[in-house]
Amino acid sequence: MGPMSVTLSDARVVTPDGVHDGWLTIEDGRITHVGSGRAPGAGLSLGGRTIVPGFVDIHTHGGAGGSYPDGDPESAAAVAAFHLGRGSTTAMASLVTAAPETLARAASALADLCEQGLVAGIHFEGPYISKARCGAHNPALLRDPDRGEFRELVRAGRGHVRMITIAAELPNAIDVIRDAAAEGVIAAVGHSDATYEQTLAGVEAGATVATHLYNAMPALNHREPGPIAALLQDERVTVELINDGVHVHPAMLRLAMHAAGASRTALITDAMAAAGMGDGRYPLGPMTVNVENGVARLAEGGAIAGSTLTMDVAFRRTVREVGLSLVDAARMASLTPARVLGLDGEIGSITVGKHADLVVLDGDLNVDGVMKRGAWVRRPAGA
């Protein structure tokens with residue numbers, strides 16, 4: 001563990017209200033002071049580097065060659081460690097569609113990692129999704145929503161199931177969305193062929209997240225607005241966005257930002273095992289994925305199959321390619337997803353009283369240091 005008390009000085013500190021040349025103090029793993037100008041007394045000089053809040057990834061399947069769906073604790077711990085090194089101080093484990101008993105086994109194994117603090121919760125991305133919009137999910141394993149089965153899956157996760165993606169148009173979907181909301185599980189609309197009206201019905205029933213907006217759903221159409229318009233315009237919904245330059249054009253990210261604002265847009269990776277690895281063949285649940293030039297596609301059919309993205313790259317692209325401010329990018333990468341998880345009182349911004357989950361970025365916005373709970377996971381070079 002790191003020192004009980006440390007001052008980080010000579011930094012550009014990105015807070016919810018601006019970018020400040022200043023310093024911050026950490027005691028017992030929490031932020032105790034945030035100041036402008038020169039730090040009082042000696043501190044650890046960051047030489048003008050930028051400090052942003054630790055990234056919060058609410059949708060990731062794997063990385064570094066490993067995958068959460070494997071249900072193997074060692075592999076899952078390696079995935080969490082890989083993303084932590086890239087600045088994701090909080091990350092949820094997402095499971096792709098599989099047989100219910102397979103999902104239950106994986107959830108039980110991941111619950112152990114949640115209890116160790118390595119993973120922030122479990123996300124079932126399926127099996128209650130549309131065959132027409134299944135993307136990289138195995139269509140043979142898709143099912144209509146089942147209330148009893150959903151309860152069993154939640155039970156298997158021992159209180160750590162935080163989110164489930166559901167296609168709102170399926171039989172019983174509205175009932176399962178209601179059940180999820182009652183259980184404290186976030187219902188997310190996605191992998192869906194729903195109409196505008198069916199999507200709004202899902203939101204009325206309690207859905208509050210759009211799983212990777214734009215992807216695996218009907219496109220915007222001026223006569224049939226579909227789910228995208230419904231999800232963007234509803235104040236109750238936070239939309240996930242995969243900003244890897246493959247899934248969504250920068251203009252469409254700007255459109256989402258204009259419609260929903262940084263407080264309702266959350267950057268995610270949707271990363272699979274190949275993140276941090278080279279091109280090649282990788283598993284994604286029961287499916288096989290080919291990665292060429294960093295783009296993951298199903299070996300059969302060629303559908304985009306997750307990403308090789310990490311949150312630091314998503315953050316950097318949001319500033320450099322999309323043209324948003326550091327403040328908005330930090331909100332989208334940290335505070336908004338933290339709020340989705342109900343953790344924004346503890347993490348998600350550089351605010352006095354919150355955990356010292358921090359990322360130090362160099363002048364090119366590359367990760368140079370990562371701190372979790374006041375301890376360096378990756379110490380800045382020369383600091």
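## Exercises on pockets and a surface patch

In this predicted model, the lining of the second largest pocket consists of six nonpolar, four polar and four charged residues. Let's work outwards from there.

**Exercise 1.** Describe the second largest pocket: how much space lies in it, and which residues lie nearest its centre?

*Solution.* Start with the volume: the second largest pocket holds about 230 Å³ of space. Next, look at the lining, which is made by 14 residues. Nearest the centre you will find Thr90, Val119, Ala120, Leu343 and Arg373. Finally, ask which element gives the most to this lining: strand E9, residues 88–96, with three residues.

**Exercise 2.** Now do the same for the largest pocket: how is its lining divided among nonpolar, polar and charged residues?

*Solution.* First, the space in the largest pocket comes to about 290 Å³. Then turn to the lining, where 21 residues take part. Gly135, Ala136, His191, Ala216 and Ile304 are the ones nearest the centre. Sorting the lining by type gives 10 nonpolar, eight polar and three charged residues.

**Exercise 3.** Find the nonpolar surface patch that includes Met252. Is Met252 buried, partly exposed or exposed?

*Solution.* Begin with the members: Leu220, Met252 and Leu255 together make a nonpolar surface patch of about 220 Å². Place Met252 next: this residue belongs to helix H7, which covers residues 250–260. Now check the accessibility. Met252 has a relative accessibility of 31%, and partly exposed is the class between under 20% (buried) and over 50% (exposed). Met252 therefore counts as partly exposed.

Definitions and conventions: Residues are numbered from 1 along each chain as its sequence is written. This is a predicted model: local features need pLDDT of at least 70, side-chain atom pairs count only at pLDDT 80 or more; totals for chains, interfaces and linings use all residues. Side-chain values use heavy atoms; hydrogens and water are left out. Patches are made of residues with over 30% relative accessible area and no salt bridge: like charges are joined within 9 Å, nonpolar side chains (Val, Leu, Ile, Met, Phe, Trp, Tyr) within 5 Å. Accessible areas come from the Shrake-Rupley method with a 1.4 Å probe; for residues, only the protein chains shown count as cover. A salt bridge is a side-chain nitrogen of Lys or Arg within 4 Å of a carboxyl oxygen of Asp or Glu. Helices (H or I, at least four residues) and strands (E, at least two) are DSSP runs, numbered from the N terminus. Buried means under 20% relative accessible area, exposed over 50%, partly exposed in between (1.4 Å probe, protein chains only). On a 1 Å grid over the protein atoms alone, a cavity is a set of points where a 1.4 Å probe fits but cannot get out, and a pocket is an open set with protein on both sides within 12 Å along at least five of seven lines; lining residues have an atom within 4 Å of a point. Grid points are joined across faces, edges and corners, and a volume is the space filled by probe spheres set on the points. Ala, Val, Leu, Ile, Met, Phe, Trp, Tyr, Cys and Pro count as nonpolar, Asp, Glu, Lys and Arg as charged, and the others, Gly among them, as polar.
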